[in-house]
Structure formats: structure tokens, C-alpha cells
Amino acid sequence: MKKKLLNILKDLTEQTKNSQDIPVAAIIIDDDGNVLSQACNTRVKNNSLIEHAEINALTSAVDKVKSFHLEKYKIVTTLEPCLMCLGAIEQAYISEVIYIVDNHKLGPLTCQMLDKSTSRLKITKWNDIEVEEYFISELKNFFKNLRDQGDDKYGRN
Ligand SMILES: [Zn+2]
């Protein structure tokens, strides 16, 4: 199951390269690992503040099940969710977030936002160093390419 999910995540981050979006992907799965929805980050592509991979995957999932009650589902993301996405994940009653790469900019804030006494959302890190290194290098290459092109729209990362 992990290999299948990983291949989908890799394909999705590849898709961001056409639009110069930060290579981040998300998949929503059920307990058996069946994929309900999948998406990549399309913020630059659609010039949108909110089209992070997680929001896109959630929107597609809600369309498919015709409900925003996604208690039976988990979300797998290549990057630890930002505050906006974590908020949306909570609003959708997702049971678990499984993320691959730590988000050093927003991760600590994200963890603080979650009140462990009231939130039922489980947050798990996908513990596989090779997988983590793959997505870290995708992110690093992305920002290095931007800097090489003299583009600093994302600032220093
Ligand atoms: Zn986000």
C-alpha cells in the first residue's frame, strides 16, 4: 500500500513542475488504503491563495462523497500541513494526518494550534528516511532553481 501511495505522490509532485508550484502533494485514503482523492499544489497555476495540495484533495473528496464529514478518511501529505490546511482538515473531521517532511516554517505553529485535549485528529510522521529525503530534495531543487533564475517570490527557503 505504501509503495502505491508513494508512486501517486511522486507523480503528483511531478505535475507541479509545469506550473512552477512548490512540489507538494496530498492523498485522501480510507482505512484500507483505497484512494478517495488526490491533488497537488496549484497555487501558482491558478493564482490562488488557498489551493494547497491538502485543500485541493479535501475539496475533491467532499465533492465525491457529497459531505464534508470525512471521519472515515486519512490524509497523506508530502509536507507537514500549514495552519490553513490543518484547519480545513479539522473542519472535515479527517481522522489522521500522515506527513512526510517536517515544515520548519509552520510546523511548530501547527502543533501548537492543535489542542490535544479537544482535537481528535491524529498526526503521524511517515517514518521512512529514504522517502523523506526524496521529497526534501524535490523541495530543495525547486527553491534552488528559483534562486538560480533570480526569482525570489518565495523568499529564502
Ligand atoms: Zn497548506
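Trainee: In this predicted model, is Y93 buried, exposed or partly exposed, judged by its C-beta neighbours inside 10 Å?

Mentor: The cut-offs to apply are 20 or more other C-beta atoms within 10 Å for a buried residue and 12 or fewer for an exposed one, with partly exposed in between. Y93 has 15 C-beta neighbours inside 10 Å, and therefore counts as partly exposed.

Trainee: Where is Y93 found, and what value of phi does Y93 have?

Mentor: Y93 is found in the loop between α3 and β4, the latter spanning 96-101, and its place is just after α3. Although Y93 is not a glycine, its phi is positive, at about 60 degrees.

Trainee: Which residue in the loop between α1 and β1 has a positive phi near 60 degrees without being a glycine?

Mentor: The loop in question lies between α1 (2-15) and β1 (25-30). The residue there has 15 C-beta neighbours inside 10 Å and so counts as partly exposed. Its phi is near 60 degrees, a positive value in a residue other than glycine, and the residue is Q20.

Trainee: Why can the buried residues of α3 be said to line one face of the helix?

Mentor: Helix α3 covers residues 83-91, and its buried residues are C85, L86, A88 and I89. Seen down the axis of α3, these buried residues line one face of the helix, because they fall within an arc of 160 degrees.

Trainee: Which residues are exposed on the other side of α3?

Mentor: The buried residues of α3 are C85, L86, A88 and I89, and the exposed ones are to be sought away from them. On the other side of the helix, the exposed residues are L83 and Q91.

Note on methods. Residues are numbered from 1 along each chain as its sequence is written. This is a predicted model: local features need pLDDT of at least 70, side-chain atom pairs count only at pLDDT 80 or more; totals for chains, interfaces and linings use all residues. Helices (H or I, at least four residues) and strands (E, at least two) are DSSP runs, numbered from the N terminus. The arc is that of the directions from the helix axis to the C-beta atoms.
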